[in-house]
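Below are my notes on the model, set out as numbered points for a colleague who would like to follow them against the coordinates.

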Amino acid sequence: MENLISLVNKLQQACTALGDHGEESALPTLWDSLPAIAVVGGQSSGKSSVLESVVGKDFLPRGSGIVTRRPLVLQLHRIDGDREYAEFMHLPRKRFTDFAAVRKEIADETDRETGRSKQISPVPIHLSIYSPYVVNLTLIDLPGLTKVAVEGQPDSIVQDIENMVRSYIEKPNCIILAVSPANQDLATSDAIKISREVDPKGERTFGVLTKIDLMDKGTDAVDILEGRSYRLQQPWVGVVNRSQQDINKNVDMIAARRREREYFATTPEYKHLASRMGSEYLAKMLSKHLEQVIKSRIPGIQSLITKTIAELETELNRLGKPIANDAGGKLYTIMEICRMFDGIYKEHLDGVRPGGEKIYHVFDNQFPVAIKRLQFDKQLSMENVRKLITEADGYQPHLIAPEQGYRRLIESCLVSIRGPAEAAVDAVHAILKELVRKAINETHELKQFPTLRVEVGNAAFESLDRMRDESKKNTLKLVDMECSYLTVDFFRKLPQDVEKGGNPSHSIFDRYNDSYLRRIGQTVLSYVNMVCSTLRNSIPKSIVYCQVREAKRSLLDHFFTELGAREMKQLSKLLDEDPAVMERRTKLAKRLELYRSAQAEIDAVAWSK
């Protein structure tokens, strides 16, 4: 069972070392789930004397006004032998055997955190005392409740102390040790008042009655100690502390404890309660109760730790890894993030992620429909055919077939295909740019670095623009090739067709009649349709080769080349992470370290059983 209190001691120390004081924050807290005993009392209630009696040493600062201005986590460890010493968590390599020096260090460490302005701080001081004369126990000494601010303190100090005390004792895992003086009306006790507010049924509250020996003659505290005046689920314990005169005379604790035992054993009113009175009994009772509470809470703490570790790991993964300090590390980080983006972009194109199918829609629907919508009626109207044929013949009319006229008619039709071809290039370009934006949004690591995100996007768009320009050149070349060289096999049958439709005995100018010109127009249209069918297949191939394939192969090649020439300062600018994210990651990492160490400590105790 002693291992359980030692376990909680270690976890409390780890909490403080890693910034978990149980205060309100956006981080999960382990501190609040750990069972603890908080000592609550008003000024001059004898709270400090109770703690010193439990420990058996003079070690707490004394004075007028508010002396305790930070929570003191007092961890008592029972050891074999006759040595007694103390250790502070903030001075891990230093042992104190002089408890007057312990008192001075508590005061000095308080001033280091709060200054000498008499302000208070929620950051606890951890003090471990090792002695063969103590029980294994952990107590948290809180600032004494007060009703007025003293000189040098803000008016809010009264409420500030109450808020701090309340923040500890309102937690369901906190055991409240409410210290009240017997020589004052219990109804006015600050400790009882605030304990009743957070624990109205008295299930977590232990009552400690001090200064019993200073009550007016003819009065006693039996009704309180037996639970009749104010009932608690837990017992009341009476203690007799050293008087101020005893403290001034340096009466040691051994003599004080003996005198306390004698007082309860010899005073008629308390003789029947003597076995459960006094600071020694109080310490043993609290130790036993704390062990039982810890034992009952361990399964819940284990579940909380496991769940919280998973949540912290998930958020840390979302925030990304911390930035390297050297240029090589920064460059590697940038390259890795860019590769992740590039991989996601390729997945969109390859169909692993949605978006790439839109390119096929351009080839299978948008581009063919645009070609079909081309109106060749104007180029192949009777007037235009007659005009181009006669102009192409010049002073010498054609003899068999108007070859130059055919060429001019075909060229005038094929030139109009350039529009749909360019539109197809632009449509694919727009899709590729849209997929860049999608890939950037889906690359979680880029969200971490806004400047790098913009630079990667700009570099990708610039590459796509270059690919689009190259694709447009090659695609239009395909159209121009069809204009520059006509398919001969198609026209070899034309003389036969002409002969079938013409009469050699007619004048050469009779060949410009409507029937003859209509046949030329139909022939040109058939040839243009054949070319359109060919370009429907070849233009998508050109676009894929020049744009889609290149985007998959070398989208960020220019950026990588430029990146290698950048200096440290420029690389750092790319990794200009939001300071809030950096701070959040650091805090999460510390909190994760706390929970993992807590998990290891609990597992070690579980295995030892």
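1. K211 sits in the loop that joins strand 8 (205–210) to helix 6 (222–225), where helices (H or I, at least four residues) and strands (E, at least two) are DSSP runs numbered from the N terminus. K211 has a positive phi of about 60 degrees although it is not a glycine. Most residues other than glycine have a negative phi, and most peptide bonds are trans. With a relative accessibility of 23%, K211 counts as partly exposed, given that buried means under 20% relative accessible area, exposed over 50%, and partly exposed in between (1.4 Å probe, protein chains only).

2. On provenance, this is a predicted model, in which local features need pLDDT of at least 70 and side-chain atom pairs count only at pLDDT 80 or more, whereas totals for chains, interfaces and linings use all residues. Residues are numbered from 1 along each chain as its sequence is written, and side-chain values use heavy atoms, with hydrogens and water left out.

3. For the chain as a whole, the secondary structure comes to 22 helices and nine strands, and buried residues make up 48% of the 609 residues. Of the contacts with a separation of 6 or more, 81% are accounted for by residues 24 or more positions apart, contact meaning heavy atoms within 4.5 Å.

4. How far apart are the end C-alpha atoms of helix 9? Helix 9 (residues 279–319) has 41 residues, yet its end C-alpha atoms are only 52 Å apart, short of the 60 Å that a straight helix would reach at 1.5 Å a residue; the expected span is 1.5 Å times one less than the number of residues. Helix 9 also bends by about 40 degrees at I298, with a proline, P299, following within four residues, and the bend at a residue is the angle between axes fitted to the seven residues ending there and the seven starting there. Just after helix 9, G320 adopts a positive phi of about 90 degrees.

5. Helix 19 (residues 514–554) deserves to be read alongside this, as its 41 residues should span 60 Å at 1.5 Å a residue and its end C-alpha atoms are 57 Å apart, which agrees. Helix 19 nevertheless bends by about 40 degrees at V544.

6. Helix 2 (residues 47–55) packs on helix 9 at an angle of about 80 degrees, with the axes 8 Å apart; axes here are lines fitted to C-alpha atoms, for helices over the stretch in contact, and angles run from 0 to 180 degrees between N-to-C directions. Helix 2 and helix 9 are therefore roughly perpendicular to each other, a class that covers 65 to 115 degrees, whereas angles under 35 count as roughly parallel, over 145 as roughly antiparallel and the rest as oblique. The contact is made by V50, S53 and V54 of helix 2 together with S279, L282 and A283 of helix 9. These residues divide into four nonpolar, two polar and no charged, where Ala, Val, Leu, Ile, Met, Phe, Trp, Tyr, Cys and Pro count as nonpolar, Asp, Glu, Lys and Arg as charged, and the others, Gly among them, as polar.

7. Near the start of the numbering, A14 belongs to helix 1 (residues 2–17) and, at 18% relative accessibility, counts as buried. Leaving aside its neighbours within four places in sequence, A14 is in contact with L594 and S597. D32, found in the loop between helix 1 and strand 1 (36–41), likewise has 18% relative accessibility and counts as buried.

8. K118 lies in the loop between helix 3 (99–114) and strand 5 (125–131) and counts as partly exposed at 37% relative accessibility. K118 and I157 are 39 residues apart in sequence and 9.2 Å apart in space, C-alpha to C-alpha. I157, placed in helix 4 (residues 157–169), is buried, with a relative accessible area of 0%.
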